[in-house]
Amino acid sequence: MTLSQYHPYLSPEQYLETEKSSPIKHEYIQGQIYAMSGASDVHVTITANLVTLLRNHIRGTGCRVYVADMKARIETLNIFYYPDIMVTCDQRDTKFEYFKRYPSLIIEVLSPSTEAFDRGDKFSDYQELETLQEYVLISQTRQRVDCFRRNSEGRWVLYSYRRNQDLELTSVNFSCSLAEVYEDVLFSEI
């Protein structure tokens, strides 16, 4: 994510209007926009696998799954992010066409250039979403998934999943094997 050149402060309304016709996606952080880069084959494959599994699981429940092009709005911080995958089960989100405010699950597939931000400031920002129950980070370099789950005291607890384990997402009552998450993924030889 890099700060886009030549853009003065934008209001949230200006950002949303500009983003509708922009050839590239931008995340919005307190008036500044940041261009997003493209994704790798591994990133897209993992995302497609999970979207397929989640969509089939939540069909008919009233929940909706969104991929890559739907923004999450963190109104208290004046931020819009594009999560890789987001699930909302809150009916209040049906009135927002270009963003969602009440997700229960957000998933990010980690990239070398964004991992520190996704684990740090972005996670801190997402914690402002009162409806968010799980924040999931998926590695592109090995079979590893870190799921941060909000407990009954409001604290975030880490659940790590590795090879031959089943990933559990309690926010949507879902589980699958890590083999399904990483189906057709070819890891680079280092």
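## Helices, strands and one pair in α1

Helices here are DSSP runs of H or I with at least four residues, strands are E runs of at least two, and both are numbered from the N terminus. With that in hand, welcome to a predicted model, in which helix α1 covers residues 12–21. Lys20 and Glu17 both sit in this helix; because they are three residues apart, about one helical turn separates them. Their side chains form a salt bridge, with the closest N and O atoms 3.2 Å apart. Lys20 counts as partly exposed, since its relative accessibility is 45%.

That pair is a handy way into the charged groups of this model, as the structure holds twelve salt bridges.

## The annotated domain

The unreviewed UniProt entry places a feature named "domain: Putative restriction endonuclease" at residues 12–169. In the model, this span is 25% helix and 35% strand, and 32 Å separates the C-alpha atoms at its two ends.

## Helix α2

Helix α2 runs through residues 41–58, which gives it 18 residues. From the first C-alpha to the last the helix reaches 26 Å, close to the 26 Å expected at 1.5 Å a residue. Its buried residues include Val42, Ile46, Leu50, Val51, Leu54 and Ile58, and the polar side of that list has His43, Thr45, Thr47 and Asn49. Just after the helix, Gly60 takes a positive phi of about 80°.

Ile58 turns up again in the surroundings of Arg64, a residue of strand β4 (residues 64–67). Setting aside residues up to four places away in sequence, Arg64 touches Ile58, Met86, Val87 and Thr88. Asp90 is 26 residues from Arg64 along the chain, and their C-alpha atoms are separated by 8.9 Å.

## Lys122 and its two partners

What does Lys122 pair with in strand β2? The partner is Glu27, and the closest N and O atoms of this salt bridge are 3.5 Å apart. The bridge links distant parts of the chain: Lys122 belongs to helix α4 (residues 121–126), Glu27 to strand β2 (residues 26–29), and their positions lie 95 residues apart in sequence. Lys122 is buried because its relative accessible area is 4%, and Glu27 counts as buried at 2%.

Lys122 also meets Glu108 in a salt bridge, at 3.4 Å from N to O. Here helix α4 is linked with strand β9 (residues 103–109), the two residues being 14 apart in sequence. Both Lys122 and Glu108 are buried.

Elsewhere, a network of salt bridges links Glu115, Arg119, Arg144, Asp146 and Arg162.

## Asp125, also in α4

Asp125 lies in helix α4 too. With a relative accessible area of 14%, it falls under the 20% cut-off, so Asp125 is buried. Beyond its neighbours within four places in sequence, Asp125 is in contact with Ile74, Leu77, Ile79 and Tyr81. One of these, Ile74, is 51 residues away in sequence, yet the two C-alpha atoms are 7.5 Å apart in space.

## A buried lysine without a salt bridge

Lys100 is in strand β8 (residues 99–100). Although buried, Lys100 has no salt bridge; Asp93, the nearest side chain of opposite charge, is 5.6 Å away. Why does that pair not count? A salt bridge needs the side-chain nitrogen within 4 Å of a carboxyl oxygen, and the distance to Asp93 is 5.6 Å.

Which backbone oxygen lies 2.5 Å from a polar atom of the Lys100 side chain? That oxygen belongs to Phe96. Apart from neighbours within four places in sequence, Lys100 is in contact with Tyr66, Met70, Lys71, Ala72, Arg73, Met86, Thr88 and Asp93.

## Ser104 and the loops around β13

Ser104 has its place in strand β9 and is buried, with a relative accessible area of 6%. Not counting residues up to four places away in sequence, its contacts include Val87, Thr88 and Cys89, then Thr131, Leu132, Gln133 and Glu134, and also Ser171 and Val172.

Two asparagines with positive phi round off the tour. Most residues other than glycine have a negative phi. Asn164, however, has a phi near 65°; it is found in the loop between β12 (156–162) and β13 (166–169), and is exposed with a relative accessible area of 78%. Asn173 has a phi near 55° and is found in the loop between β13 and β14 (174–177). Asn173 is exposed as well, with a relative accessible area of 66%.

Note on methods
Residues are numbered from 1 along each chain as its sequence is written. This is a predicted model: local features need pLDDT of at least 70, side-chain atom pairs count only at pLDDT 80 or more; totals for chains, interfaces and linings use all residues. Side-chain values use heavy atoms; hydrogens and water are left out. Buried means under 20% relative accessible area, exposed over 50%, partly exposed in between (1.4 Å probe, protein chains only). Lys and Arg count as positive and Asp and Glu as negative; His and the chain ends are not counted. A polar contact is a pair of N or O atoms within 3.5 Å; within protein, one must be able to donate a hydrogen and the other to accept it, and residues adjacent in sequence count only if both atoms are side-chain atoms. Contact means heavy atoms within 4.5 Å. UniProt positions are given in the numbering used here, feature names are shortened, and annotations may be inferred rather than shown by experiment. The expected span of a helix is 1.5 Å times one less than its number of residues.
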